[in-house]
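Student: Hi, could you walk me through this fold? I'd like to start with how its pieces pack.

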Amino acid sequence: MAAEPLQNFTQCQSMVRDRFIFAALRGLGLRASELVHARMSAFYRLSLPRTGQTYWTFLVTDDTGKGGKAHRVPVSREVWQAFSLYREAFELPAAPAPSEDGKLILSTRTRSVTLGNTEVTHSGSRRFLGAWREVTTRQGLYKIVTGRLERAATLLKKSGRDADAQHLRDASPHWLRHTFAKAALLTGQNMRAVAGALGHADLATTMLYTEQDALDLIDAWERATPGSVATELAIAKATP
């Protein structure tokens with residue numbers, strides 16, 4: 001995103017917000033629905049009894065989690081920094097209040113607001129009042145993510161990196177969730193802890209990510225040379 005030219009304040013806002021979206025999907029392992037339906041107060045403080053140290057945690061509530069299952073994810077410094085900068089770009093305090101129930105993802109567009117009996121029509125005045133619209137649908141989030149990926153792919157293609165460009169064009173918000181899971185497992189995180197962060201009820205679901213590298217290679221080989229990887233059916237036919 002840093003390579004994209006910024007022309008005005010709204011574009012700067014969009015960049016900081018979108019950087020947070022990517023950081024949250026990648027760093028918290030959230031489903032798109034869990035992110036878009038979350039509220040600002042999903043970021044909350046939790047103290048560790050052993051040390052008394054207070055940490056930031058992200059709460060996926062039972063009404064946003066898949067299958068009505070709530071879970072909590074520790075917030076990395078990278079995610080917290082992106083979140084703080086995003087809030088400040090929308091003229092909000094860096095840390096949310098426990099009672100702050102506005103939607104987590106804001107639009108750079110403003111909403112209708114009335115002061116007394118007078119409707120505020122000037123967008124600059126609406127921005128001053130913090131009357132931001134909210135991104136409330138998975139489709140809206142998907143558009144933001146794929147739009148950024150497409151712009152990044154265009155830059156890669158211009159530099160001759162066609163394969164990398166196509167890889168980004170094939171990506172989605174869920175791809176970033178996969179990246180979170182794979183990175184956590186490859187760095188030695190406990191399987192049960194990763195399952196909890198992902199909101200998986202069954203460890204077998206989490207274990208699928210340990211095989212994702214092989215699945216990615218199979219997919220790449222089959223794209224390049226269809227039929228080059230042996231299938232179970234092919235083995236069965238070869239058995240006398």
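Tutor: Here is a short tour of two helices and a sheet. This is a predicted model, where local features need pLDDT of at least 70, side-chain atom pairs count only at pLDDT 80 or more, and totals for chains, interfaces and linings use all residues. Residues are numbered from 1 along each chain as its sequence is written, and side-chain values use heavy atoms, leaving out hydrogens and water.

Student: Okay, at what angle do α1 and α3 cross?

Tutor: Roughly 155 degrees, with the axes of α1 (residues 9-28) and α3 (residues 77-89) coming within 9 Å. Axes are lines fitted to C-alpha atoms, for helices over the stretch in contact, and angles run from 0 to 180 degrees between N-to-C directions. Helices are DSSP runs of H or I with at least four residues, and strands are E runs of at least two, numbered from the N terminus.

Student: So which way do α1 and α3 run, roughly parallel or antiparallel?

Tutor: That crossing makes α1 roughly antiparallel to α3 (angles over 145 degrees count as such, under 35 as roughly parallel, 65 to 115 as roughly perpendicular and the rest as oblique).

Student: Which residues of α1 and α3 meet?

Tutor: Among them are Phe9, Val16 and Phe20 in α1, and Val79, Phe83 and Tyr86 in α3; contact means heavy atoms within 4.5 Å.

Student: Switching topic, what's the strand order in the sheet?

Tutor: The 3 strands form an open sheet ordered β1-β2-β3, with antiparallel pairing; two strands pair if DSSP finds at least two bridges between them. β1 (43-47) and β3 (71-74) are at the edges, each with a single partner strand, so one side of each lacks a neighbour in the sheet.

Student: How many bridges join β2 and β3?

Tutor: β2 (residues 54-60) pairs with β3 over 4 bridges, and Val60 has His71 in β3 as its bridge partner.
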